[in-house]
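Grab a pencil and work through these short exercises with the model open beside you. Each one has a task, then a solution in steps.

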Amino acid sequence: MQIVIVDDEPSICWALGELLEEEGYTATAVGSAEEALELSTTDDLRLILLDVRLPGIDGISAMPLLRERFGPVPIVVMTAFGDLSTAVRAVESGATDYLCKPLNADDVTSLLGRLLLKERSEPRAATPRRSVAPEGTLVGQSPAMQKVFKKVALAAATDVPVLITGESGTGKELIARAIHQHGSRRAQPFVPVCLPALNPGLVEAELFGHERGTFTGADANRIGLLEAASGGSMFLDEIGDTPLELQVKLLRTIEYHEVTPVGGVRPRQVDFRVIAATNQPLERLVQQGRFRADLFYRLNVFVIEAPALRDRREDIPLLCDHFLAGIECGRSSVVSDEAMEELLKRPWNGNVREFRNAIEHAAVLARGGLIAAEHLPAPSEARPDTGDVGRLSRCIVDWTDEAFPEDIDASDAELADLYSRFLSTVEKPLLEATLEKCGGNQTAAATILGIHRSTLRQKLREAGLK
Ligand SMILES: Nc1ncnc2c1ncn2[C@@H]1O[C@H](COP(=O)(O)OP(=O)(O)OP(=O)(O)O)[C@@H](O)[C@H]1O
């Protein structure tokens, strides 16, 4: 099986060649697109690895020529930039995938495995590069953000519904805007709407529009937000909190591409792309009957997960430059090592939104000078619903759901033991795990648990534990 490498850096050709030979492929390296086009065609050609920056024709422009020459063989673009616009250009020009330089052996083998149906291996690592992008740009060079860029590029090339998940402040709206801006609807409106934030009495009129005279103050026909988005993209933020009756109507609109204004009888055609976002797991809301399964399946077509800032700390210096460049007094600011150390270790439970506020706050206090750790505001107390505590809380909610009889009669005294049932359920694994951690030493376990040794013994007896 042959793979052609097109790169003008001999060291990359050599390293890739070695790797590919080790994986059992035959590698042919050339230094330019022109040379690649001159290679004789072979039935055994399985893949072309193509650098973007080349002497002569650049990689992206060479892609249609290579396609013409070699047919539908997968082309993987290698880029030293790893930014969204290169990713989008590569996908638009028909690249099957792309790899970021500096190349990582695991990334290459994993990609080969995926494209050529061989075994997979885990991906990893890209080198951070500090630069300042325009306001509203999705900033990040971490592996987690590279995944997001790639998915944005793929989503932008289609018109399917996209569901963006992630904690509050992780940039879900920015991701939605990026999909719209890089898609074919970019010249049409991007209409963001946060349904739970709308006045409940007026939400339907806001969304679907209304006919004149339908209610007090409706003195003219008015189109709703869904119609305003026609031709463009509708961004439905916090979709998980949408009231059930509105979910039915939204689904109808999405499925049949039509809206009927409040007080109207005749549906009108609309054509918008749906991008929804949620910071709650919709599957759980479906299980709890708080979200319609049919709407969930309609939206859950292409999912993009926005990573929490704590999971991509390597982007912090870049984000810092980005937000400082966005405010006048930040342009001359310099972040001290000690402040950067603090920025790198905070939990950022409010994610990029909290980070941005902290940087802007500090720049104002430092008045364009050196930003010290004491210029940073106190970290937010709010904890996201993730990690151990979040997982535990979710388990408790699920346990309660199951333990709660559907047709409960609050006056039924026999059922009034939920609290003690819960305690006896959680107590046993807690005692067992603590004892195990203490190597079976009951005195040590009682100390860690903060209870008396004799209480522990009694509880162990009751729980049937020796
Ligand atoms: N990757 C990023 N690069 C640059 N700015 C970002 C990034 N992610 C988030 N931001 C900024 O952080 C703030 C919050 O972003 P955004 O509103 O998109 O988050 P969200 O996930 O939609 O939040 P919520 O769930 O609360 O609606 C905005 O000011 C946005 O510009």
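**Exercise 1. Find how many bridges join strand β1 to β2, and which way the two run.**

Step 1: Locate β1 at residues 2–6; strands here are DSSP runs (E, at least two residues) and helices are runs of H or I, at least four residues, all numbered from the N terminus.
Step 2: Count the bridges: five of them join β1 to β2, and the two strands run parallel. Two strands pair if DSSP finds at least two bridges between them.
Step 3: For a spot check, look at Ile-3, which sits opposite Ala-27 in β2.

Before going on, keep in mind that this is a predicted model: local features need pLDDT of at least 70, side-chain atom pairs count only at pLDDT 80 or more, and totals for chains, interfaces and linings use all residues. Residues are numbered from 1 along each chain as its sequence is written.

**Exercise 2. Work out the strand order of the open sheet, and why β2 and β5 stand at its edges.**

Step 1: Trace the five strands in the order β2-β1-β3-β4-β5, with parallel pairing.
Step 2: Check the ends: β2 (26–30) and β5 (97–100) each have a single partner strand, so one side of each lacks a neighbour in the sheet.
Step 3: Add the twist: on average, neighbouring strands are turned by 20 degrees against each other, direction ignored.
Step 4: Place helix α1 (residues 10–22), which lies across β1, β2 and β3 and runs at about 170 degrees to β2. Axes are lines fitted to C-alpha atoms, for helices over the stretch in contact, and angles run from 0 to 180 degrees between N-to-C directions.

**Exercise 3. Is Asp-51 buried or exposed?**

Step 1: Find Asp-51 in strand β3 (residues 45–51).
Step 2: Count neighbours: Asp-51 is buried because 24 C-beta atoms lie inside 10 Å (buried means 20 or more other C-beta atoms within 10 Å, exposed 12 or fewer, partly exposed in between, with C-beta atoms placed from the backbone).
Step 3: List its contacts (C-beta atoms within 7 Å): leaving out residues up to four places away in sequence, Asp-51 touches Val-6, Asp-7, Asp-8, Gly-59 and Met-78.
Step 4: Check the record: an unreviewed UniProt entry puts "modified residue: 4-aspartylphosphate" at Asp-51, though such annotations may be inferred rather than shown by experiment.

**Exercise 4. Test whether the span of helix α17 agrees with its number of residues.**

Step 1: Take the 20 residues, 418–437; at 1.5 Å a residue they should span 28 Å (1.5 Å times one less than the number of residues).
Step 2: Compare: the end C-alpha atoms are 29 Å apart, which agrees.
Step 3: Look at the cover: two of the 20 residues of α17 are buried.

Terms used:
Contact = placed C-beta atoms within 7 Å.
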